[in-house]
Amino acid sequence: MENLFNWSQQARPRYSSRGKPVQSVHQKSAGIKPATKVIQIPVHSVSSDPDQSSPKQKPDEMVQAPDRRSASALRIQKVFRGYMVRKNVKRIMSIRKEVDEIERRLLCGETAELIRRDERERLRVNETLMSLLFKLDSISGIDAGVRECRKGVIKKAISLQEKVDSIVPRS
């Protein structure tokens, strides 16, 4: 059992806070020294001073590096904007389907009669349309097309609210 303990201690060397290997009591008593090997890693820094740049780089290449970075940044921005537009249009289309469903039910004579008879039904339809309008308001209009699409659905929802309000209850 003791051999197993010594083996596991050798497999995982410990280090002090200064980064130097620390020998355990078992390693010291056995006369085992930790293997130390110094590896030098070259460190290169990017400087903005052209005088300190490496001689291998041509002046044209130094100018192209920022251009590549800005081109990459533009590409990332375009992809992100496209993602946001698709996401917002998808949300608007789901709300539009709900507004279309409410319009379809209102055009059905049965629902209009129910709204005339029951004040709670009128309130429920108005509240549903209001919540859809709030959802539409929460969608940011990044692109002009998204704004136009959102405006069209908002106008349709408001016109449906006016239709519901215009249905006169029977007394």
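This is a short tour of the structure, stop by stop, with something to select at each one.

**The whole chain**

Start with everything shown as a cartoon, and keep in mind that this is a predicted model. Colour by secondary structure and you should find six helices and two strands. Walking along the sequence, the order is α-β-β-α-α-α-α-α. Now switch on the surface: the accessible area comes to about 14000 Å², and carbon and sulfur atoms hold 55% of that. Of the 171 residues in the protein, 18% are buried. If you like contact maps, look away from the diagonal: among contacts with a separation of 6 or more, 62% join residues 24 or more positions apart.

**The largest nonpolar core**

Next, select Ile-92, Ile-95, Val-99, Ile-102, Leu-106 and Leu-136 and show their side chains. These are the residues with the most contacts inside the largest nonpolar core, which has 21 residues. Which helices supply it with at least two residues each? Helix 3 (59-107), helix 4, helix 5 (119-137) and helix 6 (144-166) each do so. Helix 6 gives the largest share of this core, with seven residues. As a general background, nonpolar side chains tend to be buried together in soluble globular proteins.

Stay here and centre on Ile-92. Setting aside neighbours within four places in sequence, what is Ile-92 in contact with? Select Leu-136, Ile-139, Val-146, Cys-149, Arg-150 and Val-153, and you have its partners.

**Helix 4, two sides**

Move on to residues 109-117, which make up helix 4, and pick out Thr-111, Ala-112 and Ile-115: these three are buried. Turn the view until you look down the axis of helix 4; its buried residues fall within an arc of 100°, so they line one face of the helix. Then select Glu-110 and Arg-117, which are exposed on the other side of helix 4.

**An aromatic pair**

For the last stop, how many aromatic pairs does a search of the whole structure find? The search turns up one. Select Phe-80 and Tyr-83: their rings form a tilted pair, 6.4 Å centre to centre, with 35° between the planes. Both sit in helix 3, and because they are three residues apart there, about one helical turn separates them. An α-helix has 3.6 residues a turn, so residues three or four places apart point the same way. Is Tyr-83 buried or partly exposed? With a relative accessible area of 44%, Tyr-83 is partly exposed, since exposed would call for over 50% and buried for under 20%.

Conventions
Residues are numbered from 1 along each chain as its sequence is written. This is a predicted model: local features need pLDDT of at least 70, side-chain atom pairs count only at pLDDT 80 or more; totals for chains, interfaces and linings use all residues. Side-chain values use heavy atoms; hydrogens and water are left out. Buried means under 20% relative accessible area, exposed over 50%, partly exposed in between (1.4 Å probe, protein chains only). Helices (H or I, at least four residues) and strands (E, at least two) are DSSP runs, numbered from the N terminus. The arc is that of the directions from the helix axis to the C-beta atoms. A nonpolar core is a set of buried Ala, Val, Leu, Ile, Met, Phe, Trp, Tyr and Cys residues joined through side-chain atoms within 4.5 Å. Contact means heavy atoms within 4.5 Å. Rings of Phe, Tyr and Trp (its six-membered ring) pair if their centres lie within 6.5 Å; planes under 30 degrees apart count as stacked, over 60 as edge-to-face and the rest as tilted. Accessible areas come from the Shrake-Rupley method with a 1.4 Å probe; for residues, only the protein chains shown count as cover.
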